[in-house]
Amino acid sequence: MNAPKIPATLIPGDGIGPEIMEAALAALDAVDAPFDWDTQPAGMGALAMHGDPLPETTLASIRRTRLALKGPLETPVGGGFRSINVRLREEFKLYANIRPARTLIPGGRYDNIDLIVCRENLEGLYMGYEHYIPIDGDPHAVAMSTGVNTRQGARHIIEYAFEHAVALGRRKVTVVHKANIMKALTGIFLETAQEMHAERYKDKIEFEQVIVDACCMKLVMNPWQFDVLVTTNLFGDILSDLTAGLVGGLGMAPGSNIGADAAIFEAVHGSAPDIAGKGIANPTALVLAAALMLDHVNMKEKGDRIRRAVSETLNMDNVRTGDLGGNASTRDYTTSLVARIRNA
Ligand code: NAI
């Protein structure tokens with residue numbers, strides 16, 4: 001008997017989004033993932049067609065399905081509209097951004113990496129409470145930004161990180177902060193993590209704290225000393241690109257945005273306008289995000305089949321896109337991936 005269909009929203013996104021989404025959908029099809037897709041626009045494409053980068057119909061779809069697979073969405077730098085990714089996170093209270101970084105191609109600069117960055121996704125300096133103060137005819141004479149972290153927001157993500165780490169049988173949680181300088185803004189995060197560990201997790205998992213600048217250095221010198229990292233929004237944004245770099249670059253890093261009202265799965269990378277339309281993008285990150293989406297709906301076995309096929313495509317078939325030093329096209333990769341899944 002066929003499994004019941006699971007309603008889910010599909011947002012192909014901007015730039016390389018539609019190209020890599022083809023690969024993710026082909027992989028999901030090959031494992032008979034039972035998603036009933038509602039395809040919706042967002043991003044620059046939606047702005048051009050519907051006059052809104054995040055149309056109400058797209059929001060209504062996610063409100064209904066509470067589950068989405070999303071391609072990258074472009075955000076203008078400096079001026080222009082507010083990031084749609086940030087708006088989506090706020091709208092659906094997606095407080096946990098979970099970004100695993102695992103070595104998929106052995107023998108690289110760093111081997112056997114297996115890290116998870118848990119990033120607070122709604123608060124901090126990312127809230128965009130910003131303004132300029134004009135002085136003497138210079139409209140941008142002074143720039144100001146206000147970061148806000150709350151006890152409750154810190155509790156949500158830190159609890160998620162501890163629970164996730166314990167459930168996965170991980171060995172250690174590291175809280176990353178800058179409480180020596182931003183004593184209130186990131187001090188509250190550190191303090192909350194220390195309290196929660198002492199109260200609820202001290203018998204379950206090891207815990208440590210590290211300052212963000214030292215953390216960057218340590219991640220480059222000896223990333224194996226870490227396991228699960230939990231941190232505030234901006235630091236998580238930066239650290240997760242760093243950890244993606246340890247495993248072959250942005251093309252390899254998936255992410256999930258988990259919240260009270262919905263879960264949205266995506267690649268860590270952006271719309272890569274420099275290679276969009278050329279058919280050469282690496283779809284691995286979005287394919288792995290699709291596998292995380294299967295884990296989320298309790299279909300881990302299907303997720304594992306996709307992860308195995310990704311590894312076989314990269315290592316046994318040696319089918320690799322340009323960012324990994326190969327010359328395969330996105331379509332070559334997809335063909336190999338689907339064959340690997342079907343012939344498993
Ligand atoms: P980017 O991640 O799009 O690209 C950075 C570099 O990595 C580029 O050289 C690009 O070609 C390469 N790259 C990224 N993904 C790749 C892939 N799958 N295969 C091969 N190479 C890949 O970052 P950038 O250029 O800073 O941002 C472009 C746009 O994407 C911006 O508008 C930004 O706001 C948006 N963005 C959206 C995100 C999202 O939707 N979650 C996340 C990050 C950025």
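**Exercises: ligand shell and sheet of a predicted model**

By class, 9 nonpolar, 7 polar and 5 charged residues form the shell around the ligand; Ala, Val, Leu, Ile, Met, Phe, Trp, Tyr, Cys and Pro count as nonpolar, Asp, Glu, Lys and Arg as charged, and the others, Gly among them, as polar. The model is predicted: local features need pLDDT of at least 70, side-chain atom pairs count only at pLDDT 80 or more, and totals for chains, interfaces and linings use all residues. Residues are numbered from 1 along each chain as its sequence is written, and side-chain values use heavy atoms, with hydrogens and water left out.

**Exercise 1.** Determine which residues surround the ligand and which atoms lie beside its N and O atoms.

*Solution.*
1. The ligand is surrounded by 21 residues (a heavy atom within 4 Å); the closest are Thr75, Gly270, Ala272, Asp274 and Asn282.
2. For polar contacts (N or O pairs within 3.5 Å), the side chain of His269 places an N or O atom 3.2 Å from a ligand nitrogen.
3. A backbone N or O atom of Ser271 is 3.0 Å from a ligand oxygen.

**Exercise 2.** Establish the strand order of the open sheet and identify its edges.

*Solution.*
1. With strands taken as DSSP runs (E, at least two residues) and pairing as at least two DSSP bridges, the 10 strands follow the order β2-β1-β3-β12-β11-β4-β5-β10-β8-β9, with mixed pairing.
2. β2 (35–39) and β9 (206–211) each have a single partner strand, so one side of each lacks a neighbour in the sheet.
3. Within the sheet, β5 (residues 114–120) and β10 (residues 228–231) run parallel, joined by 4 bridges; Cys118 has Val230 in β10 as its bridge partner.

Methods:
Polar contact = N/O pair within 3.5 Å; in protein donor to acceptor, adjacent residues only side chain to side chain.
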